[in-house]
Amino acid sequence: MVKPWWVGLALVLLSGGWAADAPREPLPEAALPGWKLALHGYTFRQKTLLETLDIARELGIPYFSCTRGQKIGKDFPEIFEPKMSAGASAAIKAKLAETGVKIVAYGVTGIPAKEADARAFFTWAKGWGLEALYTEIKP
C-alpha cells in the first residue's frame with residue numbers, strides 16, 4: 001500500500017498549521033494506524049533542538065526525528081550525537097518529559113567503520129529508544 005507524502009502535510013494543514021495559541025493534543029494512534037508521524041529536525045534546523053521539540057508539541061506531533069548538526073540549545077551549543085555532554089543529554093530528556101514528544105529517529109549520519117565503534121554507536125541509539133537511523137555509507 002502506497003502511503004503518500006501529502007498525508008502528513010494534510011494533517012498539519014487540517015490541524016490549523018503550526019501557529020497555535022496553545023499546544024495541540026497529540027494525534028491519536030487511531031488517526032494513522034501503523035504510522036508514526038514525526039517532525040524532522042532538519043525542517044527547523046535554524047532553531048535549536050529544544051526549541052524544535054516545543055514546536056512539535058505545539059503541532060500535536062508526538063514523534064521527532066533528530067537531524068545531525070542541529071544545535072541542542074542556547075546553553076548547549078553541541079549537537080545531538082553520541083559524544084554530547086551529560087548536561088546536554090539531561091536537558092533533552094527534561095524537554096522530552098515536558099513536551100511528551102518521543103525521539104524515534106536520527107540522521108543522516110555515518111556508521112563507524114570499526115566494529116567496536118559501531119557497537120558503541122548502536123548502543124547509544126538504543127539507549128535513546130531510536131527506532132530508525134538514516135545513514136549514508138561509503139561504498
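**Figure 1. Surroundings of Ile-103 in the predicted model.** Setting aside residues up to four places away in sequence, Ile-103 touches Phe-64, Cys-66, Phe-80, Ile-92, Leu-96, Trp-128, Gly-129 and Leu-130. The coordinates shown here and in the other views come from a predicted model. Ile-103 is also one of the residues that touch the most other members of the largest nonpolar core, together with Phe-80, Ile-92, Trp-124 and Trp-128. This core holds 28 residues. Two or more residues come from each of α2 (49-59), β2, α3 (86-99), β5 and α4. The biggest contribution is that of α2, which gives 6 residues.

**Figure 2. Strand β5 and its two partner strands.** Strand β5 spans residues 102-109, and 6 of its 8 residues are buried, so the strand is largely enclosed by the rest of the structure. Strand β2 (residues 63-67) pairs with β5 in the parallel sense, over 5 bridges. In this pairing, Thr-67 stands opposite Gly-107 of β5. Strand β6 (residues 132-135) also runs parallel to β5, and 4 bridges join them. Ala-105 has Ala-132 of β6 as its bridge partner, and Thr-109 stands opposite Thr-135 of β6.

**Figure 3. The connection from β5 to β6.** Strands β5 and β6 are parallel and share 4 bridges. Between them the chain passes through helix α4 (residues 115-127), and the resulting β-α-β crossover is right-handed. Helix α4 is among the elements that give two or more residues to the largest nonpolar core.

**Figure 4. The cis peptide bond in the model.** Gly-107 and Val-108 are joined by a cis peptide bond, with omega about 5°. Val-108 lies in strand β5. Gly-107 of β5 stands opposite Thr-67.

**Figure 5. Helix α2 and the residue that follows.** Helix α2 is mostly covered, with 8 of its 11 residues buried. The buried residues are Leu-49, Leu-50, Thr-52, Leu-53, Asp-54, Ile-55, Ala-56 and Leu-59. Which residue just after α2 takes a positive phi? Gly-60 does, at about 80°.

**Figure 6. Thr-52 in helix α2.** Is Thr-52 buried or exposed? Its relative accessible area is 0%, under the 20% limit, so Thr-52 counts as buried. Thr-52 belongs to helix α2. Apart from residues up to four places away in sequence, Thr-52 touches Leu-39, Gly-41, Phe-44, Lys-47, Phe-64 and Gln-70.

**Figure 7. Lys-95 against helix α2 residues.** Lys-95 has its place in helix α3. Its relative accessible area is 13%, and because the limit for buried is 20%, Lys-95 is classed as buried. With neighbours within four places in sequence left aside, Lys-95 is in contact with Leu-50, Leu-53 and Asp-54. Leu-50, Leu-53 and Asp-54 are among the buried residues of α2.

**Figure 8. Confidence along the chain, with helix α1 and helix α3.** The protein chain averages a pLDDT of 85, and 80% of the residues score at least 70. Confidence is highest in α3, at a mean of 97, and lowest in helix α1 (residues 6-14), at 45. Over residues 5-15 the pLDDT is below 50, and this stretch has 9 contacts in the model beyond near neighbours in sequence. Where pLDDT is low, predicted coordinates should not be read in detail.

**Figure 9. The whole chain, for orientation.** The protein chain contains 4 helices and 6 strands. Along the sequence they follow the pattern α-β-α-β-β-β-α-β-α-β. Of the 139 residues, 37% count as buried. The chain exposes about 8,700 Å², of which carbon and sulfur atoms supply 60%. Among contacts between residues at least 6 apart in sequence, 64% join residues at least 24 apart.

Definitions and conventions:
Residues are numbered from 1 along each chain as its sequence is written. This is a predicted model: local features need pLDDT of at least 70, side-chain atom pairs count only at pLDDT 80 or more; totals for chains, interfaces and linings use all residues. Side-chain values use heavy atoms; hydrogens and water are left out. Buried means under 20% relative accessible area, exposed over 50%, partly exposed in between (1.4 Å probe, protein chains only). Two strands pair if DSSP finds at least two bridges between them. A crossover is right-handed if, with the strands pointing away from the viewer, the path from the first strand over the helix to the second runs clockwise. Contact means heavy atoms within 4.5 Å. Accessible areas come from the Shrake-Rupley method with a 1.4 Å probe; for residues, only the protein chains shown count as cover. A nonpolar core is a set of buried Ala, Val, Leu, Ile, Met, Phe, Trp, Tyr and Cys residues joined through side-chain atoms within 4.5 Å. pLDDT is the predictor's confidence in each residue, from 0 to 100.
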